[in-house]
Every structure is written in C-alpha cells, then in structure tokens.
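The following exercises concern a ligand site, an aromatic pair and backbone geometry. Please work through each task before reading its solution.

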Amino acid sequence: MSSNRILQASAELRSAIQPTLRSSTIRIPKTLITPLIHRPFSVSAISRQPANSPAEDLAANIKPTPEQVDSYLSSKLLHPDYGKDPTFAKNLERIKEHDIPQIQITPLQGQFLSLLVRSIGAERVLEIGTLTGYSTSYISKALPYHGRIDTLEINEKHSKIAQENFLESDLFPFPKIHLGPALKTLKTLKIPEEGLYDFIFIDANKDQVLDYFLESIKMLRKGGLIVVDNAIREGKIIPSSEQSSTIEVEGFRKLYDWLEQDNGKTVLASGIQTVSSKSWDGFLIMTKLV
Ligand SMILES: C[S@@+](CC[C@H](N)C(=O)[O-])C[C@H]1O[C@@H](n2cnc3c(N)ncnc32)[C@H](O)[C@@H]1O
C-alpha cells in the first residue's frame, strides 16, 4: 500500500473514532481496519481486536461455519433427556482426562441415532465400537426399560471408562460391553432370547466394515436398521481419489461394491453426507428387506 493511501486511511480511521471516544466501546468500521492491518509497522491496538461473533460475521456477510451451525442447532434442539443430560458432558471430560482420541459422534448425531431408534420402536440394539460409551448412552436412552444393548469394544481402557460412564448415567437398559476383537465376538454372540436385533450401529475400525456388516446383518430382523458411521470420509470413498486411499477407505469401497452387487435384494440403502463441527463425513443407512 502506498504511504499516501496509509495516511489517508489513518485520517479516515481517526475521524471515525473521534465522535465515539467517550463511549466505553469503540466500533471501528472493518473497511478501515483491513487496509491498515497490512501496513509494515506495528498497529497492535487495532490488530488485537477480538474475533467477530457469529452474529457479526452474518452481518458482515461472512458465511457461518458448520461448527457455528452445529452450536446454533444444539442450543435449539438438544433434548433435556438426551443431549442436554449433563452426564454426556462428563463423558466428554473423561475422554480428555484420559487422553482418549475424540472420535465419538457429535451430540446432534447422538440425538439423531436416538431418533432413529425410537422411530422404529427398537428394543434390541447391537453396537460395534464403544469407545467411552458416548453413542451407546444416546441409544440406551431411546430404548424402553426392558430393552437391551450389546456393545463391542477391543480396548480395555475404553471399556472400563465406558462402564464408569454407564453407571454414572444410571442407564436402563444397562449396556453390556463385550470386550475383544469385534469380528470374533460377532461370530460367537448369541442372538437375544427375546428376538433378533432391531438396530445396529457400526462404528469400529473401518477396514473390517464389510465383515462387520455381513456378520451382524444375520442378527438383524427384517425391517431393522443398520447405520454405519464415517461412510463418506471427506469424499475419499470415490475411486478417483485413489492417491489418498487408506485401509479405512478401502474397507468402505468393499462395502459399497458389495451393496452394488446385491442390487437392492438384501437392503435398501442410502448414504447421507454430513458436515458438522467435526468434518465432512456421513452415515450409510440401511434397512433389511428380507
Ligand atoms: C470411533 S470409536 C467409537 C465411537 C463411539 N461409537 C461413539 O461415537 O461414542 C471406535 C472404537 O472402536 C474400537 N475398535 C477398534 N478396532 C476394534 C476391533 N477390532 N474390535 C472392536 N472394537 C474395535 C476402538 O477401540 C474405539 O473405541
């Protein structure tokens, strides 16, 4: 920027501030700040302005982020019995305290699972991938007291913390954790005496997602739902993004290939892309037809 333009912008800035100097908050027009913060000498008083609030961003025509929308929707939609239950916040605190990866679903996604479980009147649920029981707790809260939820986890530390969280949330039905490699557990798991599962949530290691799907669908009733998390992976599931392929992406491609071959005989499926406070991802949702 030329020195003439800098001097001119400074004068404009001074005259904008002058009438408001006596008030406690000084509001400086953004059009004036923008050219000045790039000049080569210190303007610390200006560059330390706090970040805009979402409302200010909107007023300035800056697009809200998925994170801001998540937080808006959460403030409007989280239910006192589900996402607003304080034991969920405690669960998240434990994740941080114990240095566990923050790979649980979001509160709105948890409430979405609760909604699906309730909408089909599910009584028995199978979950693959417990972590600290965050999603498990949402699902349990959507079940009738006489319902049942089995959750599969390989990591002993995760399962111990999950158990603590379940006790603290006083859940009914109380989730049963099956510790061990999920595929092995699935092969020996007994179908509940009351009947087949109504709902399955697959959210463990994604390289084995096809195996988990094939093994668990045998235990699902006709009309039951399977939801698979992280099924979009920032679009990397499509083969043209070959160079960014990972074992997780490969796992999903195998599942999508299987579904293509099945041609709608076994399940009716849909992929729902989501943007959330976390990333661009999505759910694969299926209902069993036979
Ligand atoms: C994404 S986290 C589950 C998050 C959880 N569903 C939630 O939203 O709160 C995946 C979990 O699967 C577990 N896991 C990974 N490989 C597994 C395997 N082979 N068998 C069982 N669990 C496994 C991990 O230890 C981790 O706790």
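**Exercise 1. Determine where the ligand sits and what surrounds it.**

Step 1. The ligand sits in the largest pocket. A pocket is an open set of points on a 1 Å grid over the protein atoms alone where a 1.4 Å probe fits, with protein on both sides within 12 Å along at least five of seven lines; a molecule sits in it if more than half of its atoms lie within 2 Å of its grid points.

Step 2. The model is predicted, so local features need pLDDT of at least 70 and side-chain atom pairs pLDDT 80 or more, whereas totals for chains, interfaces and linings use all residues. Residues are numbered from 1 along each chain as its sequence is written, and side-chain values use heavy atoms, without hydrogens and water.

Step 3. The ligand is surrounded by 22 residues (a heavy atom within 4 Å); the closest are Ser135, Glu153, His158, Ala182 and Asp203.

**Exercise 2. Identify polar side-chain contacts of the ligand (N or O pairs within 3.5 Å).**

Step 1. A polar side-chain atom of His158 is 2.9 Å from a ligand oxygen atom.

Step 2. For Asp203, a polar side-chain atom lies 2.8 Å from a ligand nitrogen atom. An N or O atom in the side chain of Asn205 is 3.3 Å from a nitrogen atom of the ligand.

**Exercise 3. Classify the ring pair of Phe88 and Tyr134.**

Step 1. Such a pair is described by the distance of the centres and the angle of the planes.

Step 2. The centres of Phe88 and Tyr134 are 5.4 Å apart and the planes stand at 80°, so the pair is edge-to-face (centres within 6.5 Å, planes over 60 degrees apart).

Step 3. This pair links distant parts of the chain, 46 residues apart: Phe88 belongs to helix H6 (residues 86-97) and Tyr134 to helix H8 (residues 134-141) (helices are DSSP runs of H or I, at least four residues).

**Exercise 4. Describe the peptide bond between Phe172 and Pro173.**

Step 1. The bond is cis, with omega about -5°.

Terms used:
A polar contact is a pair of N or O atoms within 3.5 Å; within protein, one must be able to donate a hydrogen and the other to accept it, and residues adjacent in sequence count only if both atoms are side-chain atoms. On a 1 Å grid over the protein atoms alone, a cavity is a set of points where a 1.4 Å probe fits but cannot get out, and a pocket is an open set with protein on both sides within 12 Å along at least five of seven lines; lining residues have an atom within 4 Å of a point. Rings of Phe, Tyr and Trp (its six-membered ring) pair if their centres lie within 6.5 Å; planes under 30 degrees apart count as stacked, over 60 as edge-to-face and the rest as tilted. Helices (H or I, at least four residues) and strands (E, at least two) are DSSP runs, numbered from the N terminus.
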